[in-house]
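Hi everyone, thanks for coming. I'd like to walk you through a structure that will be new to most of you, so please have a look at it first.

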Amino acid sequence: QWIYLNGEYVTKENAKVSVYDHGFLYGDGIFEGIRVYNGNIFKCKEHLDRLYDSAKSIMLDVPLAPAEMERALVETIRKNELRDGYIRLVVSRGPGDLGLDPRRSPKAWVIIIVEQLAIYPEEAYRDGLRSVSVSQRRNIPDALNPKIKSLNYLNNILVKIQANLAGVGEAIMLNSQGYVAEGSSDNIFIVKRGVVFTPPCYCGALEGITRGAIMELCAKLGYTLKEEPFTLHDVYVADEVFFTGTAAEVIAVREVDGRIIGSGKAGPVTTHLLQEFRKIVE
Ligand code: PDD
């Protein structure tokens, strides 16, 4: 396995980051999780747009132009002979000193890791996941803007810990006003009377690339899609609930906080969207 590290290809054992790296010391950096299907990078432009927007927002100079970054991704996939898998692209502020001043980190580090993906078993896509809501709140734009895909994932990790403690696959995070935001690493959708809803990003959702692809699919397949705030009550009484994400793709939720959702397995709209999504990527 070859890992891209600042323009060089190194083995997994030799892929090392300094203890002074500000991504490590402070979570100062950004990342993308990207899928490769049949040797092609899925939604490459969308991921790179989001990456460079995140970089601009935190005043991080990415040492590669977008076209060079795309070439680095393609070359890393080629070197690893990857047909289907997952890319983790990380841009860290780079090594500095112990202070948090980013001016002390003169050069950002670019790391590209590609891997086979351990996703949910196929039956989870038919039966749906169990989920719970958690007490952690998603920051809305008065704090770190959720549109920035930063290396600060501690809040999301606390959500994942709550999910683990509850023995469920993914949890649901609300924002400080009590509206549903997203999962620990997935966007959320609900379906009610044939209408598909997802929270707007100002509710605290990452502008997910899979979310965008599903919104496009809804338009194409003739489902009404509404981007509007909703509460846990709306989730409990929804006909269908599903999560979307690069790793998870489109996965149904069969139970939330002990309430059975719809028929208690993947519903017709979720199943249809998953089928059509797979047609696009396969
Ligand atoms: N997740 N929300 C959060 C907080 C996320 O970290 C992610 C990505 C998503 C889904 O976004 P997208 O469809 O662009 O992946 C939503 C991880 C890193 C992943 O699934 O790869």
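When I say "domain" today, I mean a stretch of chain whose bounds come from an automatic or database domain assignment. And please keep in mind that what you see is a predicted model.

With that in place, the protein chain divides into domain 1, residues 2-115, and domain 2, residues 122-281. The C-alpha centres of the two domains lie 26 Å apart. Where they touch, domain 1 puts in 21 residues and domain 2 puts in 13 residues. On the domain 1 side, the elements giving two or more residues are strand 3 (29-37), helix 2 (44-57) and strand 5 (85-92). Strand 3 gives the most there, with eight residues. By character, that side of domain 1 holds seven nonpolar, eight polar and six charged residues.

Let's stay with helix 2 for a moment. How far should its 14 residues span at 1.5 Å a residue? The expected value is 20 Å, and the end C-alpha atoms are indeed 20 Å apart, so the two agree.

Now, which residues of helix 2 are buried? They are His47, Leu48, Arg50, Leu51 and Ser54. Looking down the helix axis, you find the buried residues within an arc of 160°, so they line one face of the helix. Turned away from that buried side is a face with the exposed residues Lys45 and Lys56. And what do the buried residues pack against? Strand 3, helix 3 (66-79), strand 5 and helix 6 (209-221).

Helix 6 brings me to the ligand. There are 15 residues around the ligand, and the closest are Gly33, Gly208, Thr210, Gly245 and Thr246. Helix 6 and strand 13 (240-245) each supply at least two residues of this shell. The largest share, three residues, comes from helix 6. In the shell as a whole you will find three nonpolar, nine polar and three charged residues.

Next, a few backbone details. Most residues other than glycine have a negative phi. Against that background, here are some places to look at. Just after helix 2, Met59 takes a positive phi of about 55°. Asn38 has a positive phi of about 55° too, although it is not a glycine. You can find Asn38 in the loop between strand 3 and strand 4 (40-41). Asn38 is exposed, because it has 9 other C-beta atoms within 10 Å, and 12 or fewer counts as exposed. Then there is Asp257, another residue other than glycine, with a positive phi near 50°. Asp257 sits in the loop between strand 14 (249-256) and strand 15 (259-260). With 14 other C-beta atoms within 10 Å, Asp257 is partly exposed.

Last stop: Ile111, in strand 6 (residues 109-115). Is Ile111 buried, partly exposed or exposed? It is partly exposed, because 19 other C-beta atoms lie within 10 Å, and a buried residue needs 20 or more. Beyond its neighbours within four places in sequence, Ile111 is in contact with Ile3, Tyr4, Leu5 and Val90. Ile111 and Tyr9 are 102 residues apart in sequence, yet 9.8 Å apart in space, C-alpha to C-alpha.

Gly7 lies in the loop between strand 1 (2-5) and strand 2 (8-11). Gly7 is exposed, with 10 other C-beta atoms within 10 Å.

That's my tour, and I'm happy to go back to any part of it.

How values were computed:
Residues numbered from 1 in each chain as written. Predicted model: local features only at pLDDT ≥ 70, side-chain atom pairs only at ≥ 80, totals over all residues. Helix = DSSP H or I, 4+ residues; strand = E, 2+ residues; numbered from the N terminus. Contact = placed C-beta atoms within 7 Å. Nonpolar A, V, L, I, M, F, W, Y, C, P; charged D, E, K, R; others polar. Expected span 1.5 Å × (residues − 1). Arc of directions from axis to C-beta. Near = placed C-beta within 6 Å.
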